[in-house]
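Reader: I have a new model open at my bench and would love a guided look. Could we go through it together, one question at a time?

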Amino acid sequence: MAIENTRLFTPAAMGAVDRAAIDGSLSGPGLMERAGAAVAASALEHWPGLKRAIILCGPGNNGGDGHVIARHLARAGVPVERFGMKPREGTDAAWAFESFPGVIAALADYRPEAGDLIIDALFGAGLDRAVPDEIAKLIERAANAGTPVLAVDLPSGLSGYSGRPTGPCFRADRTVTFAALKTGHVLLPGRDLCGELEVVDIGIPSRLLANDDPVVLNDPSVYGTTSPAIDASSHKYARGHLVVFSGPLISSGASRMSAQAGLRAGAGLVTVASPPGAVMAQSAHLTAVMQRSVGDADALSDWLKDDRLAAFVLGPGFGHNELVKDYARIVLEAGRALVLDADGLTAFADTIADLSSFDAPKVLTPHEGEFRRLFPDLLDDDALSKIDRARRAASRVNAIVVYKGADTVIAAPDGRAAINCDAPSKLATAGSGDVLAGIVGASLANGRPPFEAACAAVALHAEAARRAPDHMTAEDLIAAI
Ligand SMILES: NC(=O)C1=CN([C@@H]2O[C@H](COP(=O)(O)OP(=O)(O)OC[C@H]3O[C@@H](n4cnc5c(N)ncnc54)[C@H](O)[C@@H]3O)[C@@H](O)[C@H]2O)[C@@H](O)CC1
Ligand SMILES: Nc1ncnc2c1ncn2[C@@H]1O[C@H](COP(=O)(O)OP(=O)(O)O)[C@@H](O)[C@H]1O
Ligand SMILES: [K+]
C-alpha cells in the first residue's frame with residue numbers, strides 16, 4: 001500500500017476531522033461527491049470487464065457514497081442496481097440519493113450472477129454492532145458465489161477501530177478509504193478483510209489531519225534509519241556493548257541467536273553471560289560473540305562496574321528461574337537498558353507492574369500468549385484494540401511494549417504507538433522472536449531512545465525476513481540482517 005500520510009485514525013477521530021472540514025470551507029455533499037467519484041474510478045480501473053455493479057446502500061453516509069458511486073458508474077455506461085435502504089430525509093446521503101434517484105431493491109432480493117461486482121456501501125465508520133440478519137445472509141450468498149467485493153471505506157461488519165469484525169463481515173478484494181487509514185484497516189484480521197487498500201484524497205486539508213492521537217505506521221518518520229550511523233570516529237564501544245543472558249545448557253541456543261542477531265544489527269560488541277554449566281557449550285559455538293561466566297547476582301553486580309555495558313537481553317531460553325527477577329532489578333538499578341522477552345516475561349507474570357518504578361529504558365517483547373499471561377484483563381476487554389491494549393500495558397509498566405504478531409504494535413508509556421504491517425509470515429518460525437530481542441538490544445546499545453530503538457528493530461527484523469529465503473530458519477534470518 002502506497003500511503004503518504006502514515007498517521008492512523010480511529011473512526012471517532014476521523015469523524016471529528018470530517019466535521020472540522022465541514023465546519024470550515026468544505027461541504028458534506030462535496031466530500032461525498034469526491035469520495036463516491038474516487039470509488040467509481042477504482043471500480044472501473046480494477047474491474048474493467050464488469051457486467052453489473054451491485055451497489056449495497058446503507059442508511060448513513062456510507063450509503064450516501066454508494067448513491068454517488070451509482071450515478072458515476074451509470075454515466076460511464078455500467079449497468080447498476082442498488083439494494084438496501086433509502087437514506088433519512090435532510091441528510092447528505094439524502095442529497096446523494098436525490099442526485100440520482102431510482103429503485104432501491106430489498107437486500108433479500110439480491111442473487112449473485114457471474115460478472116457482478118458488489119460495491120459495499122452499507123456501513124463504514126458508523127458501524128457499531130453486528131450487522132442484521134438479512135445482511136449476514138447476503139454476505140454468505142456473495143461469499144458462496146465468489147462475487148468480488150469493493151468496500152467503501154471499510155468492509156461492512158468490520159470495526160474501523162479494532163480491526164475485528166462485530167459479527168458477519170464482508171471479505172473485500174479491495175477497499176477504498178478516504179483521507180487517511182483507520183486503525184481497523186491495519187490491525188488483524190481487518191487488514192486481511194480489506195484486501196488491497198487504497199487511500200484517496202477527498203480534499204480534506206492536511207492541517208486538519210494533524211491528529212493528536214499519536215498512532216502511526218512504523219516507518220522511517222518514527223525511527224530514522226534501521227542501521228546505526230557509523231563514521232570514521234566510531235569505535236566498537238561507541239556502537240555499544242550488548243549483553244545477552246544465556247539459560248542452562250539445554251536451552252542455550254536461544255541466547256546465542258539473540259546475541260548473533262545483536263552483533264549483525266550493529267551492536268559494537270556482544271557478550272553472552274552464561275551460567276557456569278553452559279560455558280563449555282557456548283564456547284564451542286561462539287566466535288565473534290564473546291562470553292563471560294555469570295552464575296549469580298553478585299557476579300552480575302560486580303561486572304556492572306564496567307560502565308561500558310550498555311544494554312541487556314534477558315529471557316530467551318533462560319528457563320523458569322528465580323534469577324530473572326534479581327537480574328532484571330540489578331540491571332535496571334544500574335541504569336542500563338533491558339529487553340525482557342520470553343522466560344524473562346513469564347517470570348513476572350503477576351508482578352510486571354513492579355518494574356514501573358525503574359527509570360532505565362525497558363522494552364518488553366511479548367507475543368500473544370505472553371501478553372495474556374502478563375495482562376489478562378487487557379486481553380479480556382473486548383472494547384480495546386490491540387493498539388490500546390499495548391498502550392495501557394506500556395503505561396502500566398512504564399516501559400516500551402512490543403506486542404508481537406503479523407500486526408506488531410510498538411507502544412510507549414506516553415501514548416505514542418506504531419504499527420508494523422509489512423512483516424512476512426515466514427517469520428512464524430522457531431527462534432524469530434529471539435532474533436528480534438537481539439536486534440532490539442543492539443538498537444538500545446547504539447544509544448537510541450527506547451521507543452525509536454524498538455521501532456527500528458521491528459522494521460529491521462521485517463526487512464531481514466523479506467530478504468531471507470522463503471523457507472528460512474531463524475539462522476537464515478540472522479544472516480539476512
Ligand atoms: N462528511 C463525511 O463525514 C464523510 C463521510 N463519508 C462516508 O460516511 C461514512 C460514515 O457515515 P456515518 O457516520 O453516517 O456511518 P455509516 O454510514 O457507516 O452508518 C451509520 C448508520 O448505520 C447505523 N448502524 C451502525 N451499525 C449498524 C448495524 N450493525 N446494523 C444496523 N445499523 C447500523 C447507525 O446507527 C447509523 O444510522 C464513512 O464511512 C464514509 O463512507 C464520506 O462520504 C466522506 C465524507
Ligand atoms: N504470520 C506472521 N507474520 C508476520 N510476522 C510474524 C508472524 N508470525 C510471527 N511473526 C513475528 O515473528 C516473531 C516471533 O516471535 P515469537 O513468537 O517470540 O517466536 P519464538 O518464541 O519462536 O522466537 C515476532 O517478531 C512476530 O511478530
Ligand atoms: K462499507
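Reader: How many bridges join strand E11 to strand E12, and in what sense do the two strands run?

Author: Happy to help, and please keep in mind that this is a predicted model. E11 covers residues 241–245, and its partner E12 covers residues 269–274. Within the pair, Val243 stands opposite Thr271 of E12. The two strands run parallel, and the number of bridges joining them is five.

Reader: Is strand E11 largely enclosed or not, and why?

Author: Take the two faces in turn. On one side His241, Val243 and Phe245 are buried, and on the other Leu242 and Val244 are buried too. Five of the five residues of E11 are therefore buried, so the rest of the structure leaves the strand largely enclosed.

Reader: Which strands sit at the edges of the seven-stranded open sheet?

Author: The pairing in this sheet is parallel, and the strand order is E4-E3-E2-E5-E6-E7-E9. Inside that order, E5 (residues 116–121) and E6 (residues 149–152) pair over three bridges, with Ile118 matched to Val149 in E6. An edge strand pairs on one side only, and here the edge strands are E4 (104–105) and E9 (196–200).

Reader: Which helix gives the most residues to the shell around ligand 1?

Author: The shell holds 28 residues, and among them Gly60, Asn61, Asn62, Gly124 and Gly126 come nearest. By type, the shell divides into 14 nonpolar, nine polar and five charged residues. Helices H1 (11–23), H2 (28–46) and H3 (61–75) each supply at least two of its residues. With five residues, the helix that gives the most is H3.

Reader: And which helix gives the most to the shell around ligand 2?

Author: Around ligand 2 there are 17 residues, and Lys404, Ala406, Leu427, Ala428 and Gly433 come nearest. They split into seven nonpolar, eight polar and two charged residues. The helix that gives the most, with four residues, spans 432–445 and is H18.

Reader: Which helix contributes the largest share of the largest nonpolar core?

Author: Nonpolar side chains tend to be buried together in soluble globular proteins. Here the largest nonpolar core has 157 residues, of which Ile119, Leu314, Ile410 and Ala454 touch the most other members. The largest share, twelve residues, comes from residues 450–467, which form helix H19.

Reader: Which domains does this core draw on?

Author: The core of 157 residues takes at least three residues from each of two domains. Those are domain 1 (8–209) and domain 2 (220–479).

Reader: Leaving aside neighbours within four places in sequence, which residues is Ala454 in contact with?

Author: Ala454 is one of the core residues that touch the most other members. Beyond its neighbours within four places in sequence, the contacts of Ala454 are Val363, Ile400, Val402, Ile410 and Val440.

Reader: Is Gly253 buried or exposed?

Author: Gly253 is found in helix H10 (residues 253–264). A residue needs 20 or more other C-beta atoms within 10 Å to qualify. Gly253 has 20 such atoms, so the verdict is buried.

Reader: What percentage of the protein's residues are buried?

Author: For the whole protein, there are 20 helices and 19 strands, and the C-alpha atoms fill a box of roughly 80 × 45 × 45 Å along the principal axes. Out of 481 residues, the buried part comes to 53%.

Notes. Residues numbered from 1 in each chain as written. Chains lettered and ligands numbered in written order. Predicted model: local features only at pLDDT ≥ 70, side-chain atom pairs only at ≥ 80, totals over all residues. Near = placed C-beta within 6 Å. Nonpolar A, V, L, I, M, F, W, Y, C, P; charged D, E, K, R; others polar. Core = buried A, V, L, I, M, F, W, Y, C linked by C-beta atoms within 7 Å. Buried ≥ 20, exposed ≤ 12 C-beta atoms within 10 Å, placed from the backbone. Domains from an automatic or database assignment. Contact = placed C-beta atoms within 7 Å. Pairing = 2+ DSSP bridges.
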